[in-house]
Structures are given as C-alpha cells and as structure tokens.
Amino acid sequence: MLLPTTVVGSYSVPEWLERLKTEYYQRRISAQHLAEIHEVAIKAAVKDQELAGIDIVSDGELRRDNDVDYFLARIPGVHIPQRAKTDYFDYYDAEVTRPLPDSTDSTDKSASLGLAHDFSFTRQLTQRPVKFSFTGPFSLSRRIRNDAYQDQSDLVRALARRLNAEALALADAGADFLQIDEPFLAGYPEQVELAVEAVNIVTENVNTTWALHVCYGNRYARPSWEGHYDFLFPAVQAARVDQVVLEFARKGLDDLRLISQHEWDRWLGFGVIDVKSAEVETPELVAQRIRRALEHVPADRLMINPDCGLRHLAPEVARQKLRAMVAGVATVRAELTGGDPP
C-alpha cells in the first residue's frame, strides 16, 4: 500500500473512562469490572480508527494508565510500595532492590506481562493490520529507583531482556508489527547509544516488523523536552528496526534534512498531526507536509501517522484529526498514481 496510515499507539481517553479508572484506584469498582470497561473502550477505539479510514490500527493503549506503570507493575522484581493513586494517570513510585530475574523464557506464564493476551483481544476485533506498541527499556528505567545495579545501564539491559521475552510471546501470538516507544530518550540524548543497544536486545530473534518511536514527551499534551533529532543520528543506524517514527507536525519539518543527510534507507513513520493542539489540521496542510517529506523519503518507504499518541485529545477532535490525515494522504496518493483526487 502506498503511504499507509497508522496511529502511534494511544487513542483518546473519553471522560467516562478517565473517571472510572480513577474510581478503580479509589477502590470503588473491582478489577474485573475495570477489565470489562477496558474491553468496551478498546472496541470503540478500533471502530473509530476503521471509520476514519486508518489502514493499520492499534488498541489505543486504553488498558494503560500512562506509558510506564502498566509495564512496571507486571515485571517480576520491580517493587511498587504503594499501588493506590489519587488519579489513574499518576506515576507509581517503583524501585528495584536486587537484580531482576533474568528469565528469557517466553513460555513462562508466571513472568508474562500479558501483552500477547492484549494483542490477541485486539486482533479478533478487526480485519485490518494491527500495530502493537510498548514502552522501551530505556524509558522504563528512568521511572525506577535503582538500588540493585552499580551501573544504571545494567538495569536498562535487564529490562530489555524481559521485553525481548514478551516480544517473542507477541510474535508467537501473531503480532507482525511491533513498536518500541522511547519517550524519555530526548531528555537524555547523551545516552542514545545505550538506548539503541537496548532496542537491539528487545528485537533479537523476534521475526516481525519493528518500529522505534522517539518523541519529545506527551505528558498532559505538553512536551517534556525541546530540541532536534540530531542526537538520534547516526546512532539509530545501528538499531535493528525497520522504521523510525518521529514527530514533525509540532516541531516543523527542518529535521527531515537528517533523513537525507544520514541516508536513512528504511521506513519513516512521518508525524503530520500535532497531538498537542486541539486545532484540526486541514487535509491540504497534511498533503503539503507529505509532499515535503517525499523530497527526502521515497513514497514506498513513507508511513503516515500523528506525531504521538492521541490520548490527551477530546474524542471528537481525535476523530476529526484522523479523518483529515486520511484525506490528506488520499490527495497525495492520487497525485502519485495519476488517479482521481478525493
């Protein structure tokens, strides 16, 4: 497919789901009730993406409170002293006091994070391809107090090995498009080589298509850092991934020069929708951005997506932005193929 459209991962969290998640943490509803609520929300998110015309959908990450806690709460050896929260989106305080169990057995159900189950639920909801994302080991490590490893890099590698076992289980469940999210990396650019090393541990021997998403943070629809993607290159060339997914709509298109300058010869997931603004882009603006990207990336290696997850946008705004993205892509597809414009 020419210029396939997808999402980065998270989808708009409706107000009722925010309220019910918080009710759970305040012990007003049961875990079983919340699990059923999550399934309803995921079904709606997948249908929204289908109706908008998205080619490769996600589960919207609606089971996850934020980009970290869902994973840390499930990793053996990570201790969370207090699991109550005032609000579902708060971060847990997590710690490791001894080295993590070094299990890489993807069939060990007791050590599973449950991601393969999450994927399988979404897979049966749609006929479209599904992209499944999870937070990478470097970013997870930044939310853990480390009292177990003298070298922080050893914690990152241990988390990567755990995620590799999970990725193997996902592949066994039929996941053929996996994405590693590293939203904290832009805040620690001097550690990019370590992050890439950890990515390669995660992807080792996992026969699937891999994407690496690097953004500048999306906490409460605000960036956590500012800057450019210079720090990512050339280190990312060593990453065993098929695609990098980068934000451009909010930051501008100047960093497209890096794709040409460093001769990136794999796919680019090109961010054309600003998820930190409620203003809905026009299809023509989306088309203009794609035309600029095509000056640096061949059309057969360009995937179109929002800058980051849609979690903090109101549901109707998220739907409108996705429709605008799909319409803008349709315009450029018609230009490239000589077909009729939409």
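## The largest pocket

In this predicted model, the lining of the largest pocket draws at least two residues from each of three helices, namely helix H1 (15-25), helix H2 (31-52) and helix H3 (69-72). Of the elements that contribute, H2 gives the most to this lining, with 6 residues. The lining as a whole is made up of 20 residues, and those that lie nearest the centre of the pocket are Tyr24, Tyr25, Leu34, His38 and Arg74. The space in this largest pocket comes to about 550 Å³.

## The sheet

Elsewhere in the model, 6 strands form an open sheet, and their order across it is E2-E4-E5-E6-E7-E8, with parallel pairing. The sheet ends at strand E2 (132-135) and strand E8 (302-306), the edge strands, each of which pairs on one side only. From one strand to the next, the twist averages 25°.

Two helices can be placed against this sheet. Helix H6 (residues 152-172) packs on the sheet and touches E2, strand E4 (177-181) and strand E5 (209-214), while the direction of H6 makes about 170° with that of E2. Helix H10 (residues 315-337) also packs on the sheet, where it touches E7 and E8, and the direction of H10 makes about 155° with that of E8.

## Strands E2, E4 and E5

In a regular strand, the side chains alternate between the two faces of the sheet. In E2, Phe132 and Phe134 point one way, whereas Ser133 and Thr135 point the other way, and all of these residues are buried. E2 pairs with E4 in the parallel sense over 4 bridges; within this pairing, Phe134 has Ile180 of E4 as its bridge partner, and Thr135 stands opposite Asp181 in E4.

E4 is covered on both faces, with Phe177, Gln179 and Asp181 buried on one side and Leu178 and Ile180 buried on the other. Because 5 of the 5 residues of E4 are buried, this strand is largely enclosed by the rest of the structure. E4 is also joined to E5 by 5 bridges, and the two strands run parallel; here Gln179 stands opposite Ala211 in E5.

## Strands E6 and E7

Further along the sheet, strand E6 (residues 243-246) and strand E7 (residues 267-273) pair in the parallel sense, and 4 bridges connect them. One of the residue pairs in this part of the sheet is formed by Val244, whose bridge partner in E7 is Leu268.

## Cysteines and disulfides

A disulfide is a covalent bond between the sulfur atoms of two cysteines. To count as a disulfide here, the two sulfur atoms of a cysteine pair must lie within 2.5 Å, and by this rule the model has 0 disulfides. For Cys215, the closest cysteine sulfur is that of Cys308, at 3.7 Å, which is too far for a bond. Seen from the other residue, the result is stated in turn: the cysteine sulfur closest to that of Cys308 is the one in Cys215, 3.7 Å away and too far for a bond.

Both residues of this pair can also be described by their accessibility, for which buried means under 20% relative accessible area. Cys215 has a relative accessibility of 1% and therefore counts as buried, and Cys308, with a relative accessible area of 8%, is buried as well.

Terms used:
Residues numbered from 1 in each chain as written. Predicted model: local features only at pLDDT ≥ 70, side-chain atom pairs only at ≥ 80, totals over all residues. Heavy atoms only, no water. Buried < 20%, exposed > 50% of the residue type's maximum accessible area, 1.4 Å probe, protein only. Pairing = 2+ DSSP bridges. Axes fitted to C-alpha atoms, helices over the stretch in contact; angles between N-to-C directions. Contact = heavy atoms within 4.5 Å. 1 Å grid on protein atoms, 1.4 Å probe; cavity = no way out; pocket = protein on both sides within 12 Å on 5 of 7 lines; lining within 4 Å. Points joined across faces, edges and corners; volume = space filled by probe spheres on them.
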